[in-house]
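Got your viewer open? Let's walk through this one together, one selection at a time.

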Protein chains: 4
Amino acid sequence: MAGDVPIRSSLGWSSADRVVVHGYDLPGQLLGHVGLGEMGFLSLAGRLPEPDEAAVFEACLVTLVEHGATPSSLATRLTAHGAPESLQGAVAAGLLGLGDRFVGSIEGAAQLTQEAWDDAPDADATTLAARVVDDFGRERRPIPGFGHPVHRPVDPRTVRLFEIAEEHGRAGRFVELMRSIADELASRRGTPVPLNATGAIGALVGELDLPWQAGRGIGVMARTVGLVGHVLEEAAAPIAGEIWHRVDEEIRAGASDAREGDR
Amino acid sequence: MAGDVPIRSSLGWSSADRVVVHGYDLPGQLLGHVGLGEMGFLSLAGRLPEPDEAAVFEACLVTLVEHGATPSSLATRLTAHGAPESLQGAVAAGLLGLGDRFVGSIEGAAQLTQEAWDDAPDADATTLAARVVDDFGRERRPIPGFGHPVHRPVDPRTVRLFEIAEEHGRAGRFVELMRSIADELASRRGTPVPLNATGAIGALVGELDLPWQAGRGIGVMARTVGLVGHVLEEAAAPIAGEIWHRVDEEIRAGASDAREGDR
Amino acid sequence: MAGDVPIRSSLGWSSADRVVVHGYDLPGQLLGHVGLGEMGFLSLAGRLPEPDEAAVFEACLVTLVEHGATPSSLATRLTAHGAPESLQGAVAAGLLGLGDRFVGSIEGAAQLTQEAWDDAPDADATTLAARVVDDFGRERRPIPGFGHPVHRPVDPRTVRLFEIAEEHGRAGRFVELMRSIADELASRRGTPVPLNATGAIGALVGELDLPWQAGRGIGVMARTVGLVGHVLEEAAAPIAGEIWHRVDEEIRAGASDAREGDR
Amino acid sequence: MAGDVPIRSSLGWSSADRVVVHGYDLPGQLLGHVGLGEMGFLSLAGRLPEPDEAAVFEACLVTLVEHGATPSSLATRLTAHGAPESLQGAVAAGLLGLGDRFVGSIEGAAQLTQEAWDDAPDADATTLAARVVDDFGRERRPIPGFGHPVHRPVDPRTVRLFEIAEEHGRAGRFVELMRSIADELASRRGTPVPLNATGAIGALVGELDLPWQAGRGIGVMARTVGLVGHVLEEAAAPIAGEIWHRVDEEIRAGASDAREGDR
């Protein structure tokens, strides 16, 4: 019956002279000591990151902030065109497209590496990589985190992300497994297959001891920062109206070719 | 006519071996060098912050991440209850409530301080403060950024934010004006009126040379980070169902008292 | 203090064997008796419409369902492209663009006609029309509901909507005022200015005794129905990917012309 | 390469004197002839419904408009509290919760009945019902569309929906299968298990020759109409603030009991 279950939350509370967030005193322990990225880690992990973890985590976030024209950023700009009074609405519209197709591949890469090691903690990465490639091949599914339409044969973001992970002692077995999968794919196909940035970040989710489901949260945090920039650029140098008019004109032209469509 | 206007954006572009964001080389100049908060400044200002600016800006963001139970975080949790498959949808629902009533007061405080100094650049802060209090009083509007239901007589976040601003040479005339308004209000009412965190951040928006409209963007970036945490806590320790059932039960009880409402 | 205020709602309640909506017995008085459009009127007015009101109200809704390519429908399709798993998210993204620029003009037209008659209930429509045109001209604001890029000199939807209103005895003083404004504009400019469908609907909001704020609600109800159709067509005959790739390619081309943008 | 694929849509187009929606002339063939519910059928099926289909479809929609306090309607009201300027944002927030847990059961019921008949078109409903109950039991999954916390032993909406379907010649094998499943469950458990309204609507989706995926679309259309009503009631008789304050107070009280949570 309603009322019997107490409503509790450990995320935050305050009193007249205190504000506590995740158990930390906000003014005394957080303000001036940590930045937005570290707060993101706190949101996902329930604890602040060590400095090495923070460095790797911030690099993951920064990678995802801004990708130029994407379905998500275009949805934000079109929404801002119609409702310029609501920045939050335009950003929300862009976030709603961060679903299975895009940010989902971070989760997918994180999940596959975490489950592979969970299933066979004592395996070596090469054997595991072959098994992963076999498994996905059998189900005719693409391996999340591999391939890129533009960044070929190498995604420069992956190179840099793994370099940062190494500098900070966080390039362990999840990174090793993704690299082994890339080798395995290259040798089977006879051509390099780029390990893209979402695959790299998926591996680093494991290195940071975060559950694979955190992948979507990382994407949402980072892209929000970028989408705010799109709302501002749309106000200053609009493109949404032009995109709309071109699409509309092309659809009209196609429709007038096909007026037999009338009933 | 559609097609005559070129579609341009300076936020980002990439080629096979390069990724450029706001004119910076992402792997070479941003990854490993800046964090999510600095990317937020880049989104709003089109340039990276100086270290002193970054310190003040990060403090503003961190302040806004997590406020415990708010209409916005409850909307996120209720949405996650109904659509647990979509983290992005639950976060978007929470962002949609960051409107005129809440995040609007950051914008309001930023706007009032910026317009006051624009109108009278040579005035002194005390005179200006009296004028602001007169103007709002005449229109019977509350001055944005003042008053708090819990943090009385002093909002501990404001104290710390202005301390950080002073350490970093960013406690200039916008901070001075908000402090003068607080003094003016206290003397007129005979009791201290807290300058709350949104008012403090509104002043710091000016100190960071950001337009007042950036206030809502800062709120959206920061709260996204906190809302992700609410989705995760809702999955682990749910409260949305209990909130729903209690409200539903109370409405049913009230309705059964008033069945004459039937037609 | 929290808890002192009872939580009440008169929209709906249920018990083991009853479901009551706005005071009507859902199975007995609504199912099989009314349609979705009449439920829309019930949501806005708190009562079911008379048959004549229903006819006019349904015509307003049907007019707004589908406008082909709009910023709103494109945002829906781009969102569905990224998150095909969430129909509700794609529709929500499209709704978020129904803001001041588009659906706002229904509200604007409804507001101007309602306020004009409220201010001068005994005026004649011609005098009032001249006053409205003067007032908007003085503030250099466009009169909401007039002008159309495609439907010139006459919007065929307006003709039909007013015809339906006449058939049902609902073409009263709000319709008369909008027609008088159209005449006034035509005589001042020496060329006809189309009274568009949002202007016609704005007038009919007044004829239906609905407050002008209902205009946005009508738009949101109707466009949801159309946006669901866009999600389904996007799944069957996708265009979002192509729109994205064209925009992306054009931005890349522009950026490569201007690489001095690098820092 | 971008630009090679033509952008086409058959949902709507217009020229100076025509507006065509799904191939119908909007002013001539739709306005004054059909209502919002029939437009919903057109959005889902690409054709207007026959009168018998329209009657059944409207009943499904009307059933779903308003359920009183739900996670979705509460999210709408909390969002309206924070951003009263954006009706569309508050409605969008509510729609985002129409996910797997709630509207998903319409889809689930539609899918199970459609797949059952597709797999065994010549079976009799009793045999098929036993097979469905076995299959779900083996996977320990609840059968979508059965059970209700309040409407026991019979959901009065289901009774009326099937009555309307019978009057209009649309109570065929999908309805028969759901009834057989209800009988099978009752006989196995020794107690009646209510076939709820989402289960009834799921069966009617099949009777209307709509694909099971249409279930979520029906829910989204109908609930939008109801959510607009919640925004208006929240403005006139607010409850969101009280809900928020009660939750906040309870969390504060719990937190102050557990301050050892501090770090």
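Here is a short tour, from a sheet in one chain out to the way the chains meet.

Before you click, know that this is a predicted model: local features need pLDDT of at least 70, side-chain atom pairs count only at pLDDT 80 or more, and totals for chains, interfaces and linings use all residues. Residues are numbered from 1 along each chain as its sequence is written, while chains are lettered from A and ligands numbered from 1 in the order in which they are written.

**Stop one: the sheet in chain C**

Select residues 12-15 of chain C, which are strand β1, and then residues 18-21, which are strand β2. (Helices, H or I with at least four residues, and strands, E with at least two, are DSSP runs numbered from the N terminus.) β1(C) and β2(C) pair in the antiparallel sense over 4 bridges; two strands pair if DSSP finds at least two bridges between them. Show Ser14(C) and you'll find its bridge partner, Val19(C), in β2(C). Trp13(C) stands opposite Val20(C). The two strands make a hairpin, with 2 residues between them.

Now add residues 24-25 of chain C, strand β3, which pairs with β2(C) in the antiparallel sense over 2 bridges. Here Val21(C) has Tyr24(C) as its bridge partner. This is a hairpin too, again with 2 residues between the strands, and His22(C) in the turn has a positive phi of about 50 degrees.

Zoom out a little: the 3 strands form an open sheet in the order β1-β2-β3. β1 and β3 of chain C are at the edges with a single partner strand each, so one side of each has no neighbour in the sheet.

**Stop two: where chain D touches chain C**

Next, show chains C and D together. How many residues of chain D are in contact with chain C? There are 77, and they meet 77 residues of chain C (contact means that C-beta atoms, placed from the backbone, lie within 7 Å). Pick out helix α11, residues 214-236 of chain D: its 13 residues are the largest share of the side of chain D that touches chain C.

**Stop three: chains B and D**

Finally, superpose chain D on chain B: a rotation of 180 degrees with 0.0 Å of shift along its axis does it, with RMSD 0.0 Å. (The fit is by least squares on the C-alpha atoms of residues with pLDDT of at least 70 in both.) The two copies are thus related as by a two-fold rotation axis.

Note on methods. Two residues are in contact if their C-beta atoms, placed from the backbone, lie within 7 Å.
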